[in-house]
Amino acid sequence: LTQIQVATARNKIDAAEALADLWLEVLQRSADAGEQPTDEEKAVIRGRTAYTAQLAKEAVELLYTASGGSVIRREVAMQRFHRDIQGFALHALVQRDANLEVQGRVLLGMDPGTYFL
């Protein structure tokens with residue numbers, strides 16, 4: 001079971017990194033051109049950023065729950081990782097549903113529905 005949990009967490013992390021590479025490429029290309037990304041690109045980046053954070057959160061949660069009861073002790077690094085990802089996931093920038101809605105709207109040819117891109 002432990003090996004399956006570690007492998008699953010690693011795959012979530014790898015998937016998150018691959019997804020992050022996609023939006024980082026758009027941002028870098030825009031920066032190199034001295035331009036801002038389009039609103040559509042910004043909307044997709046928001047969705048991908050939120051989903052990347054969700055995958056990272058799932059990986060940490062999986063490893064946290066696999067760590068046993070001692071994981072709650074302060075000197076165990078995993079408890080800090082767990083608290084940090086929980087706090088980070090509450091930030092509006094990576095709030096999954098709100099940002100996936102913005103991305104989904106654009107993917108369906110709709111207005112993003114927000115000025116905050």
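User: I'm new to this structure. By class, which residues make up the lining of the largest pocket?

Analyst: By class, that lining has seven nonpolar residues, two charged ones and one polar one. Keep in mind that this is a predicted model.

User: Which residues are they, and what volume does the pocket have?

Analyst: The largest pocket has a volume of about 160 Å³. Its lining consists of Trp 23, Leu 27, Pro 37, Lys 42, Ile 45, Arg 46, Thr 49, Leu 93, Phe 116 and Leu 117.

User: Which helices supply at least two residues of that lining each?

Analyst: Helices α1 and α2 do, with α2 spanning 39-65. The largest share, four residues, comes from α2.

User: How do I read burial? Is Ser 30 buried or exposed?

Analyst: Look at relative accessible area: under 20% means buried. Ser 30 has 9% relative accessibility, so this residue counts as buried. Ser 30 belongs to helix α1, residues 2-32.

User: Which residues does Ser 30 touch, leaving out those up to four places away in sequence?

Analyst: With those left out, Ser 30 touches Glu 35, Gln 36, Pro 37 and Glu 41. Pro 37 also appears in the pocket lining.

User: And what about Arg 48: where does this residue lie?

Analyst: Arg 48 lies in helix α2. With a relative accessible area of 26%, Arg 48 is partly exposed, because that class falls between 20% and 50%.

User: Which residues does Arg 48 touch, again not counting those up to four places away in sequence?

Analyst: Arg 48 touches Leu 19, Leu 22, Trp 23 and Gln 103 on that basis. Arg 48 and Leu 22 are 26 residues apart along the chain, and their C-alpha atoms are separated by 8.5 Å.

Key:
Residues are numbered from 1 along each chain as its sequence is written. This is a predicted model: local features need pLDDT of at least 70, side-chain atom pairs count only at pLDDT 80 or more; totals for chains, interfaces and linings use all residues. Side-chain values use heavy atoms; hydrogens and water are left out. Buried means under 20% relative accessible area, exposed over 50%, partly exposed in between (1.4 Å probe, protein chains only). Contact means heavy atoms within 4.5 Å. On a 1 Å grid over the protein atoms alone, a cavity is a set of points where a 1.4 Å probe fits but cannot get out, and a pocket is an open set with protein on both sides within 12 Å along at least five of seven lines; lining residues have an atom within 4 Å of a point. Grid points are joined across faces, edges and corners, and a volume is the space filled by probe spheres set on the points. Ala, Val, Leu, Ile, Met, Phe, Trp, Tyr, Cys and Pro count as nonpolar, Asp, Glu, Lys and Arg as charged, and the others, Gly among them, as polar.
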